[in-house]
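Please walk through the fold, the nonpolar interior and the nonpolar surface of the model shown here.

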Amino acid sequence: MNEIAAKAHGASGGRFDLKVSGMDCPSCAAKVETALARLEGISDVRVNFANQILTFRADSVHTGTDAADVKAAIRKLGYGVEPLRDLTRTAPNQTQFRVTGMDCPTCADKIATALERIPGVTEIGVNFSTQILSCKLDPAKAQPDAVARTVKALGYHIELLPNADQRRRRVGKRGEASAEVAWWQSPKGRLLVVLIALTAAAGLLSWAGLLSEQWGFLPTALVGLGYFGRRAIAAARAGTPFSIETLVSLATAGAVLIGASSEAAIVNILFLVGELLEGLAARRARAGIRSLVSLLPRTATLIEGEDRREVPVESLDVGQVVLARPGDRIPVDGEITQGASGIDESAVTGESIPVNKGVGAQVFAGSVNTSGTIWIRISRRVEDNTISRIIHLVEEAQATKAPTARFIDRFSEIYTPLAVLGAALVMVLPPLLFGGEWGTWIYRGLAVLLIACPCALVLSTPAAIASALAAGTRRGLLIKGGAALETMGHVRTVAFDKTGTLTAGKPIVTDIMAITGTEEHLLAIAAAVESGSNHPIARAIIERAVRSGIKVGEASDIQAIAGKAVAGQVESRPVLVASPRHVAELGHVPENHPTIEALEELGKTVVVVVEDGRPVGFIAVRDEPRTDAQLAINRLSRLGVHAVMLTGDNRRTGAAVAKALGVDVRAELLPDQKLAEIARLKAGGPVAMVGDGINDAPALAAADVGIAMGGGTDVALETADAGLLHERVEGVADMIALSRRTLANIRQNVAIALGLKAVLLITTLIGVTGLWPAIMADTGATVLVTLNALRLLRFGEPAHRATTSLEANS
């Protein structure tokens with residue numbers, strides 16, 4: 001279900017806004033309200049089903065009930081709930097740390113669980129993808145040092161970061177992108193080198209007959225046990241008794257006790273190799289996005305009067321003007337004030353064909369100026385440019401857990417303790433009940449402990465989601481979270497807005513027909529009334545008037561009637577520019593007027609101009625379909641997805657456009673009627689809505705997945721669940737194909753993780769395999785899962801496009 005972001009506006013005892021996900025109908029909202037009304041101290045409860053926002057007040061001072069109790073009550077109802085944070089900035093009073101050494105989502109969960117036990121530490125968020133820990137600290141109860149000590153005790157490196165704005169500013173610098181250290185320089189890497197050296201020495205001594213195998217490999221086993229044992233104890237004290245380190249430590253200690261030191265040594269080495277490979281895979285997925293940082297120039301040519309000088313991009317401010325020569329990368333987001341050129345925007349939109357832009361056009365940092373010299377007025381500082389914001393949004397999206405990941409996490413919480421119990425039973429039942437040899441079955445039970453490690457299983461979903469989000473963003477497909485990505489794969493209907501989505505959104509006036517007076521007068525009064533509107537039709541009328549050299553007068557008392565008309569006073573006379581349907585309702589012109597019918601049959605949109613209560617003429621505009629709209633509809637059809645066009649335009653115009661594209665159409669829809677149509681379509685399965693993100697905001701929110709066409713604007717970045725950063729409707733089909741490929745990848749990963757464990761479990765119980773093959777069940781599965789997930793980074797390459805038809809059946 002669509003999730004809309006909001007903020008928490010107060011601390012305990014104040015007003016809260018929470019994001020609630022999973023509400024499918026208004027009755028769900030009523031259910032939440034009823035449950036919260038029963039909580040003492042909770043008042044002013046309001047649940048907005050349309051935008052998924054819950055608002056309430058909590059009197060925790062007098063009743064002890066606070067936001068945590070509200071969240072627990074909502075989760076018991078089966079809905080998701082999160083404290084709300086702005087998508088582009090860290091919440092106020094948040095302290096941030098960089099944590100290195102997290103190899104998988106389990107590490108992030110372990111840290112969060114430990115910090116929840118520290119008094120005064122709240123609103124904990126651990127982003128495994130970015131290696132960032134954020135939390136709110138009560139100065140009277142908790143200091144950053146307490147957080148650092150707890151995290152270090154778990155075996156991770158941690159450093160306090162500057163405030164959020166300074167951290168975000170560093171996104172524009174190359175230093176942060178290259179902050180990762182080589183694997184052999186990390187604590188785990190150095191430990192692995194030590195263990196391999198000890199194991200090699202033990203092997204040589206054992207081969208030479210100078211030391212028995214049991215005693216020769218003992219130092220390796222003990223060093224590994226010391227490392228993992230400390231982490232296991234710290235995790236247990238912090239609330240995670242059944243951590244992966246616990247399983248490895250128990251298996252190592254047991255193997256040493258029964259004299260299998262060599263296998264204990266190999267187990268530690270293989271487990272470290274697995275963890276390092278997980279880290280390398282996660283680093284590569286992060287690099288898929290953060291490589292965009294390297295596209296930003298470090299300096300820019302600043303124009304100040306007649307002077308030109310090179311300055312660091314971090315020093316530039318909004319309103320200043322910079323110069324971009326042919327071949328330069330554009331250093332900032334801004335507007336061209338002088339010159340024209342072809343702009344290669346592939347870094348932002350994924351489109352490699354340069355776009356010709358001139359004065360007044362918007363350009364994005366990281367784009368390449370291919371031909372002419374241009375002057376650019378800065379609209380955003382470097383830390384707020386489009387690439388920086390894309391990186392931040394995708395990293396936030398990678399931190400959110402997809403439904404499948406949440407299910408696997410819940411499953412592993414039950415699975416791991418049961419697996420430990422199963423291993424204990426394997427050790428004791430055969431000797432007690434069937435007279436089996438104790439040493440043999442203890443050995444096999446230890447192997448079962450290692451097979452139980454859930455690392456590969458837990459990693460199966462987030463690894464695929466992170467790779468898919470990175471791959472999509474590099475191709476202009478911004479998907480804001482695993483939930484949206486998963487839902488797209490199940491979409492059965494895509495509803496498109498017409499103007500600006502299936503059509504170019506740049507209508508032109510094709511016909512001006514005066515009933516009384518002149519065409520010039522008709523166009524002049526219409527343009528005057530429309531001058532306060534940003535609607536595409538209004539822009540078309542104004543542009544035609546300006547191009548025709550017609551003086552557009554001043555209009556007063558302008559009022560917009562949503563989806564119907566614009567009215568105002570021009571030279572003290574009332575003027576109405578309205579749809580034929582609205583004018584017919586007022587009794588001025590019949591809706592089936594021959595002129596209106598003839599123009600609409602040609603796929604044109606007609607507005608009627610009424611002056612002093614009398615119709616004075618018709619103005620027709622036409623908005624041509626996008627060049628790739630037909631291809632997009634055809635691809636959706638091959639994917640088994642039904643396409644329908646929702647428009648507020650008249651039936652005849654809508655039918656003409658729909659017929660040309662081969663889609664169904666629902667025309668003459670007001671905004672509330674679009675919502676009702678979305679609800680009707682959802683009865684047949686998940687629905688995606690594609691619109692411009694402004695006029696269609698309610699419909700985008702009501703759909704299972706809202707996709708904004710934005711061309712890299714704020715709309716595409718901050719509205720809906722996903723955004724097309726380019727102007728290609730075909731991107732919708734790309735999103736669905738990417739989602740289906742991701743879902744297939746997740747299924748493969750789960751099968752690999754569980755399949756290898758099942759095979760090794762059987763071979764272990766019958767005595768075919770031992771300890772080190774058992775750890776391979778997890779390490780090997782982890783390697784295969786990560787490599788399989790990384791294949792998604794190649795999505796969109798020629799070899800992968802050829803398999804689109806296969807994805808339709810995934």
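The paragraphs below go from the whole chain to its cores and then to a surface patch.

This is a predicted model, in which local features need pLDDT of at least 70 and side-chain atom pairs count only at pLDDT 80 or more, while totals for chains, interfaces and linings use all residues. Residues are numbered from 1 along each chain as its sequence is written, and side-chain values use heavy atoms, with hydrogens and water left out.

The chain has 32 helices and 30 strands (DSSP runs, H or I of at least four residues for helices and E of at least two for strands, numbered from the N terminus). Of its 810 residues, 54% are buried (under 20% relative accessible area with a 1.4 Å probe, protein chains only; exposed is over 50%, partly exposed in between). Among contacts (heavy atoms within 4.5 Å) with a separation of 6 or more, 68% join residues 24 or more positions apart.

The largest nonpolar core contains 46 residues; such a core is a set of buried Ala, Val, Leu, Ile, Met, Phe, Trp, Tyr and Cys residues joined through side-chain atoms within 4.5 Å. I479, V494, F496, L636, I707 and V732 touch the most other members. Beyond its neighbours within four places in sequence, F496 contacts residues including L502, I633, L636, M689 and V732. A second, separate core has 43 residues, among them L195, A264, L771 and I775.

On the surface, helix α15 (residues 403–434) supplies nine residues of a nonpolar patch, the largest share. L425 lies in helix α15 and counts as partly exposed because its relative accessibility is 38%.
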